Amino acid sequence: VQLQASGGGLVQPGDPLRLSCVGSGRTFSSYDIGWFRQAPGKEREFVAAISWSGGRTFSADSMKDRITISRDIPKNTVVLQMNSLKPEDTAVYYCAATHGSLRHPSDMNYWGSGTLVTVSS
């Protein structure tokens, strides 16, 4: 399984941003997908996740009012829509695949390369 995250960039506070995670490999559709982020000098933290079927979604409490996660199964794509971005959302955002726990980086089986999101005026 391989994953490629994209969609990061420089945005202003209050702007929205849409991140995509495209997966490949014949078993990709069987994996739950999580989004994590890592700011400079900080540990990688959970942002959101979606089950293999797209039927269950999970979000970090700190962001749940500003994010939506969705899955396009035929396109092997998971989208993270983030709204009302804040400077503290600045981080490298990673998508990852797991057959285990959805919230812990150590339980992820495969990682994408990450995409940088910078929120600054």
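Two residues are said to be in contact when heavy atoms of theirs lie within 4.5 Å. In the predicted model described here, Arg-37 touches Glu-43, Arg-44, Glu-45, Val-47, Met-63, Glu-88, Asp-89, Ala-91, Val-92 and Tyr-93, a list that leaves out residues up to four places away in sequence. Arg-37 belongs to strand 4, which covers residues 32-38, and it counts as buried because its relative accessibility is 8%, below the limit of 20% under which a residue is called buried. Separation along the chain and separation in space can both be stated for Arg-37 and Ile-73, which are 36 residues apart in sequence, while their C-alpha atoms are 23 Å apart.

Some of the neighbours of Arg-37 are also joined to it through polar atoms of the side chains. The side chain of Tyr-93 makes a polar contact of 3.0 Å with the side chain of Arg-37, and a polar contact of 2.6 Å joins the side chains of Arg-37 and Glu-45. The pair of Arg-37 and Glu-45 also qualifies as a salt bridge, with a distance of 2.6 Å from N to O. The two partners of this salt bridge differ in their surroundings, since Glu-45 is partly exposed at a relative accessible area of 35%, whereas Arg-37 is buried at 8%.

A search of the whole structure finds 3 salt bridges. In general, side chains of opposite charge can pair when their charged atoms come close. Besides the bridge to Glu-45, Arg-37 meets Asp-89 in a salt bridge between side chains, with 2.9 Å from N to O. This pair links distant parts of the chain, because Arg-37 lies in strand 4 and Asp-89 in the loop between strand 8 (77-82) and strand 9, with their positions 52 residues apart in sequence. Asp-89 is itself buried, with a relative accessible area of 1%, and it forms a salt bridge with Arg-66 as well, the closest N and O atoms being 2.8 Å apart. Here too distant parts of the chain are linked, as Arg-66 lies in the loop between strand 6 (57-59) and strand 7, 23 residues apart from Asp-89. Arg-66 is buried, with a relative accessible area of 12%. Taken together, Arg-37, Glu-45, Arg-66 and Asp-89 are linked in a network of salt bridges.

A link of another kind is found elsewhere in the model. In general, a disulfide is a covalent bond between the sulfur atoms of two cysteines. The structure holds 1 disulfide, formed by Cys-21 and Cys-95, whose sulfur atoms are 2.2 Å apart. The link of Cys-21 and Cys-95 is right-handed, with 75 degrees about the S-S bond. Cys-21 lies in strand 3 (residues 17-24) and Cys-95 in strand 9 (residues 91-98), so the pair ties together parts of the chain that are 74 residues apart in sequence. Cys-21 counts as buried at 0% relative accessibility, and Cys-95 is likewise buried, with a relative accessible area of 0%.

The strand that holds Cys-21 also takes part in an open sheet of 4 strands, whose order is 1-3-8-7 and whose pairing is antiparallel. The edges of this sheet are formed by strand 1 (2-6) and strand 7 (67-72), each of which pairs on one side only, and the twist averages 15 degrees from one strand to the next. Strands of a sheet pair through backbone hydrogen bonds, either parallel or antiparallel. At one edge, strand 1 and strand 3 pair in the antiparallel sense over 5 bridges, and within this pairing the bridge partner of Gln-4 is Val-22 in strand 3.

At the other edge, strand 7 and strand 8 pair in the antiparallel sense over 6 bridges, and the bridge partner of Asp-72 in strand 8 is Thr-77. These two strands form a hairpin with 4 residues between the strands, in which Asn-76 takes a positive phi near 50 degrees. The side chains alternate along strand 7, where Ile-67, Ile-69 and Arg-71 point to one face and are buried, while Thr-68, Ser-70 and Asp-72 point to the other face and are not buried.

Technical notes: Residues are numbered from 1 along each chain as its sequence is written. This is a predicted model: local features need pLDDT of at least 70, side-chain atom pairs count only at pLDDT 80 or more; totals for chains, interfaces and linings use all residues. Side-chain values use heavy atoms; hydrogens and water are left out. A disulfide is a pair of cysteine sulfur atoms within 2.5 Å. Buried means under 20% relative accessible area, exposed over 50%, partly exposed in between (1.4 Å probe, protein chains only). A polar contact is a pair of N or O atoms within 3.5 Å; within protein, one must be able to donate a hydrogen and the other to accept it, and residues adjacent in sequence count only if both atoms are side-chain atoms. Two strands pair if DSSP finds at least two bridges between them. Axes are lines fitted to C-alpha atoms, for helices over the stretch in contact, and angles run from 0 to 180 degrees between N-to-C directions. A salt bridge is a side-chain nitrogen of Lys or Arg within 4 Å of a carboxyl oxygen of Asp or Glu.
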